[in-house]
Every structure is written in C-alpha cells, then in structure tokens.
Amino acid sequence: MKYVATQAFGQYAQGAEITDNQAIDAILASEQAVFVVRVPDDPAPAASVQNAVAADTSDTK
C-alpha cells in the first residue's frame with residue numbers, strides 16, 4: 001500500500017510517497033487523512049494501442 005501527499009503537511013512535502021504502514025495508519029486516523037491519496041504500488045503499464053485500418057467492404061460500383 002502506498003499513499004502520496006497531495007499537499008505538504010507534517011514532515012511530508014507535496015508529492016511525497018508514504019509507504020510505511022504504521023505512518024499510513026496514523027495519518028489515516030488523523031485529520032491529516034485529507035492530505036493523502038492512495039496510489040497503486042505497481043501501476044499497470046499503459047494498454048497497448050494497436051492501429052487498425054477499417055476496410056471498406058461496401059459495394060460502390
């Protein structure tokens with residue numbers, strides 16, 4: 001579990017990653033919980049985008 005500070009508070013700067021479970025629990029139990037958001041530990045890679053060309057199958061003769 002990982003959280004990121006959305007603004008500076010306490011000892012954390014804006015954008016700081018917080019990974020210590022005890023620190024996270026303490027923050028979430030306090031009024032400072034509004035200053036953090038949960039982020040994935042290992043973000044999934046961006047979905048592969050494949051370019052496809054649609055074939056015109058209409059009979060235009």
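Accessible areas in this tour come from the Shrake-Rupley method with a 1.4 Å probe. By that method, the protein chain of this predicted model has an accessible surface of about 5,100 Å², of which 50% belongs to carbon and sulfur atoms.

**The whole chain**

Please begin with the entire protein chain in a cartoon display. One helix and three strands make up its secondary structure. Followed along the sequence, these elements appear in the pattern β-β-α-β. Of the 61 residues in the protein chain, 18% are buried. Among the contacts with a separation of 6 or more, 41% are made by residues 24 or more positions apart.

**The sheet**

Next, select the strands S1 (residues 2–5), S2 (17–18) and S3 (residues 36–39). Together the three strands form an open sheet in the order S2-S1-S3, with antiparallel pairing. S2 and S3 are the edge strands, each of which pairs on one side only.

Keep S1 and S3 in view: their antiparallel pairing extends over four bridges. On the other pairing, S1 and S2 run antiparallel and are joined by two bridges.

**Strand S1**

Select residues 2–5, the span of S1, and show the side chains. Are the faces of S1 covered or open? Both are covered, with Lys2 and Val4 buried on one side and Tyr3 and Ala5 buried on the other.

The partners of these residues can be selected in turn. Opposite Lys2 stands Val39 in S3. Val4 has Val37 of S3 opposite, while Tyr3 faces Ile18 in S2.

**The salt bridge**

Now select Lys2 and Glu17. How many salt bridges are counted in the structure? The count comes to one, and the side chains of Glu17 and Lys2 form a salt bridge with a distance of 3.7 Å, N to O. Glu17 belongs to strand S2 and Lys2 to strand S1, so this pair ties together parts that are 15 residues apart in sequence.

The two partners may then be viewed with the surface switched on. Glu17 is exposed, because its relative accessible area is 53% and exposed means over 50%. Lys2 has a relative accessibility of 13% and therefore counts as buried, the limit for that class being under 20%.

**Val37 in strand S3**

Move to Val37, which is placed in strand S3. Its relative accessibility is 38%, so Val37 counts as partly exposed. Which residues does Val37 contact, leaving aside its neighbours within four places in sequence? They are Lys2, Tyr3, Val4 and Thr6; of these, Val4 is the residue that stands opposite Val37.

A distance may also be displayed from Val37 to Ile18. These residues are 19 residues apart in sequence, and their C-alpha atoms are 9.9 Å apart in space. Ile18 can be recognised in S2, where it stands opposite Tyr3.

**The aromatic cluster**

For the final stop, select Phe9, Tyr12 and Phe35, and show the rings. A pair of aromatic rings is described by the distance of the centres and the angle of the planes. Two aromatic pairs are found in a search of the whole structure. In one of them, the ring centres of Phe9 and Tyr12 are 5.4 Å apart and the planes stand at 45°, so the pair is tilted. Phe9 and Tyr12 are both buried. Ring pairs link Phe9, Tyr12 and Phe35 into a cluster.

Definitions and conventions
Residues numbered from 1 in each chain as written. Predicted model: local features only at pLDDT ≥ 70, side-chain atom pairs only at ≥ 80, totals over all residues. Heavy atoms only, no water. Buried < 20%, exposed > 50% of the residue type's maximum accessible area, 1.4 Å probe, protein only. Contact = heavy atoms within 4.5 Å. Pairing = 2+ DSSP bridges. Salt bridge = Lys/Arg side-chain N within 4 Å of Asp/Glu carboxyl O. Phe/Tyr/Trp six-rings, centres within 6.5 Å; stacked < 30°, edge-to-face > 60°.
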